[in-house]
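This briefing is meant to be read beside the sequence and the coordinates. It takes up one helix and its surroundings, and then turns to the chain as a whole.

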Amino acid sequence: MRLDIVIAGVGGQGTVLASRVLAQTALDAGFPARTSEMIGMAQREGSVQSHVRIGTEFGPVIGSGAADILLGFEPAEAQRSGNLLKNGGMLLVNSHPIHPVTVALGSSAYPLAEIRAYLDRLPARVTWVDGFELALASGNFKTLNAVMLGVLASSGALPFGRDAVLRVLLEMLPERVRAVNERAFALGCQVVKEG
């Protein structure tokens, strides 16, 4: 079993934690796993891209057109990483944009409709998730990564079950935030059940 996953988002969304959860779950299940993070100005909501390679002995970086799954935590960042997704791959993307400073200051626009159209045209199975609203519903908007992990873990695309992913996620979090993240993960799982 070999699976290459790219997680794309911005600083503060928990993409790095999500990649480590997936890698540790894979290791616990007996698969070799490697990760790599590319972080640019992450503390100022800059781009963060994490690669998770499961079942491979090769390097940790996924090449263009080679990712089986692209987990987009933010639409523009999903677009930026769209070239990494292979034909027929899976794209799970949070529909809630995070506007960069230039948009907030009115010096540029955030073309969400164009980004959505671009992503919908990719030769992939595309699923949009309002992950931000689900994170809010869980009780803390900072649980977006748990929501997106729940969606991915319930998709049937991983070589291990969602309970294994949830267990590792909770092990990696401080006890004070485990309950809210468990709710967020369950809401992500519910998205898949409802189709």
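## Helix α6 and its surroundings

In this predicted model, the buried residues of α6 are Leu144, Asn145, Ala146, Val147, Met148, Leu149, Gly150, Val151, Leu152 and Ala153. Because 10 of the 10 residues of α6 are buried, this helix is largely enclosed by the rest of the structure. Helix α6 also belongs to what covers the buried residues of α7, and the buried residues of α1 pack against α6 as well.

**Helix α1**

- Buried positions in α1 are Thr15, Val16, Ala18, Ser19, Val21, Leu22, Ala23, Thr25 and Ala26.
- These buried residues of α1 pack against three strands, namely β1 (3–10), β2 (33–39) and β3 (47–54), and against the helices α6 and α7.
- With 14 residues at 1.5 Å a residue, α1 should span 20 Å, and the 20 Å that separates its end C-alpha atoms therefore agrees with this expectation.
- After α1 comes Gly30, a residue whose phi is positive, near 95 degrees.

**Helix α7**

- Within α7, which runs over residues 162–172, the buried residues are Val165, Leu166, Val168, Leu169 and Leu170.
- The cover over the buried residues of α7 includes α1 (15–28), α6 (144–153) and α8 (178–194).

**Overall architecture**

- The protein chain contains 8 helices and 6 strands, and their order along the sequence gives the pattern β-α-β-β-β-α-β-α-α-β-α-α-α-α.
- The chain is as compact as a globular protein of its length, because its radius of gyration of 16 Å is close to the 16 Å that the globule rule gives for 195 residues.
- Taken along the principal axes, the box that the C-alpha atoms of the protein chain fill is roughly 50 × 40 × 35 Å.
- When contacts between residues at least 6 apart in sequence are considered, 63% of them join residues at least 24 apart.

**Burial, surface and charge**

- Of the 195 residues in the protein chain, 49% count as buried.
- The protein chain has an accessible surface of about 9100 Å², and carbon and sulfur atoms account for 52% of this surface.
- There are 17 positive and 17 negative side chains in the protein chain, and the centres of these two sets lie 3 Å apart.

Methods: Residues are numbered from 1 along each chain as its sequence is written. This is a predicted model: local features need pLDDT of at least 70, side-chain atom pairs count only at pLDDT 80 or more; totals for chains, interfaces and linings use all residues. Side-chain values use heavy atoms; hydrogens and water are left out. Buried means under 20% relative accessible area, exposed over 50%, partly exposed in between (1.4 Å probe, protein chains only). Helices (H or I, at least four residues) and strands (E, at least two) are DSSP runs, numbered from the N terminus. Contact means heavy atoms within 4.5 Å. The expected span of a helix is 1.5 Å times one less than its number of residues. The radius of gyration is taken over C-alpha atoms; the globule rule is 2.2 Å times the number of residues to the power 0.38. Accessible areas come from the Shrake-Rupley method with a 1.4 Å probe; for residues, only the protein chains shown count as cover. Lys and Arg count as positive and Asp and Glu as negative; His and the chain ends are not counted. The place of a charge is taken as NZ of Lys, CZ of Arg, CG of Asp or CD of Glu.
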